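Hi,

Here is the structure I said I'd pass along. Have a look at it first, and then read my notes underneath.

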Amino acid sequence: MKTLTKRGKDITHDWYVIDAKDQVLGRISTKIAAILRGKHNPQFSPNLDLGDYVVVINAEHVKLTRNKELQKTYDRYSGYPGGLKQISYKRMMSEHPERIIENAVKGMLPKNALGRQMLKKLKVYCGEEHPHIAQAPKTLS
């Protein structure tokens, strides 16, 4: 018995559209991360990028459960003393709603070059429109 692995030229990437309207952030992020990673593929291999492209629309209508809208913050640190910057969820939603989904999915992907390559296949848009109609994406519920 031989184990067959896919080579670079044999890999094909599909396109999927996910509507985030009235979806819970964590639940939709896990689905997106699994598709980007390629876990839905029967030939899944953790060292290959077998994932597909994901287009997320209506990012501004994503929901959080319980009191997270008031309590959730996004932190970044410059590396200097006193360099911690915190942005509340409400402010992030008003200024950059697409970054909320991007940050949630980024935390679920591998923290290496392969994970950064997978994250490039995520396209998040605020409205209903997206410029990837030519790729004929499949709709996921």
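Below is what I found, going from the whole chain down to single residues.

Before anything else, keep in mind that this is a predicted model.

**The chain as a whole**

The chain has five helices and six strands. Starting from the N terminus, you'll meet them in the order β-α-β-α-β-β-α-α-α-β-β. The C-alpha trace spans about 55 × 40 × 25 Å along its principal axes. Of the 141 residues in the chain, 33% are buried. Carbon and sulfur atoms hold 50% of the accessible surface, which comes to about 9400 Å². As for contacts with a separation of 6 or more, 66% of them are between residues 24 or more positions apart.

**Two helices that pack together**

The pair I looked at is α1 and α4. Two packed helices are described by the angle between their axes and by the distance between those axes. Here α4 covers residues 97-106, and its axis lies 9 Å from that of α1, at an angle of about 60°. That angle falls outside the 65 to 115 degrees that would count as roughly perpendicular, so α1 and α4 are oblique to each other. Their crossing is right-handed.

Which residues do the two helices bring to the contact? From α1 come Leu25, Ser29, Ile32, Ala33 and Leu36, and they meet Ile100, Ile101, Ala104 and Val105 of α4. Sorted by type, the residues of this contact are eight nonpolar and one polar, with no charged ones.

While you're on α1, which runs over residues 25-37, find Arg27 as well. Arg27 counts as exposed because its relative accessibility is 62%, and the cut-off for exposed is over 50%. Its C-alpha atom is 9.9 Å from that of Leu64, with the two residues 37 apart along the chain.

**Two residues with a positive phi**

Most residues other than glycine have a negative phi. Two residues caught my eye here, Asp22 and Ala136.

Asp22 is not a glycine, yet has a positive phi of about 60°. You'll find Asp22 in the loop between β1 (15-19) and α1. Is Asp22 buried or exposed? Asp22 is exposed, because its relative accessible area is 52%.

Ala136 is not a glycine either, and its phi is positive at about 50°. Ala136 sits in the loop between β5 (122-124) and β6 (138-140). With a relative accessibility of 57%, Ala136 also counts as exposed.

Enjoy looking around!

Cheers

How values were computed. Residues are numbered from 1 along each chain as its sequence is written. This is a predicted model: local features need pLDDT of at least 70, side-chain atom pairs count only at pLDDT 80 or more; totals for chains, interfaces and linings use all residues. Side-chain values use heavy atoms; hydrogens and water are left out. Helices (H or I, at least four residues) and strands (E, at least two) are DSSP runs, numbered from the N terminus. Buried means under 20% relative accessible area, exposed over 50%, partly exposed in between (1.4 Å probe, protein chains only). Axes are lines fitted to C-alpha atoms, for helices over the stretch in contact, and angles run from 0 to 180 degrees between N-to-C directions. Angles under 35 degrees count as roughly parallel, over 145 as roughly antiparallel, 65 to 115 as roughly perpendicular and the rest as oblique. A crossing is left-handed if the near helix is turned anticlockwise from the far one by less than a right angle, and right-handed if clockwise. Contact means heavy atoms within 4.5 Å. Ala, Val, Leu, Ile, Met, Phe, Trp, Tyr, Cys and Pro count as nonpolar, Asp, Glu, Lys and Arg as charged, and the others, Gly among them, as polar. Accessible areas come from the Shrake-Rupley method with a 1.4 Å probe; for residues, only the protein chains shown count as cover.
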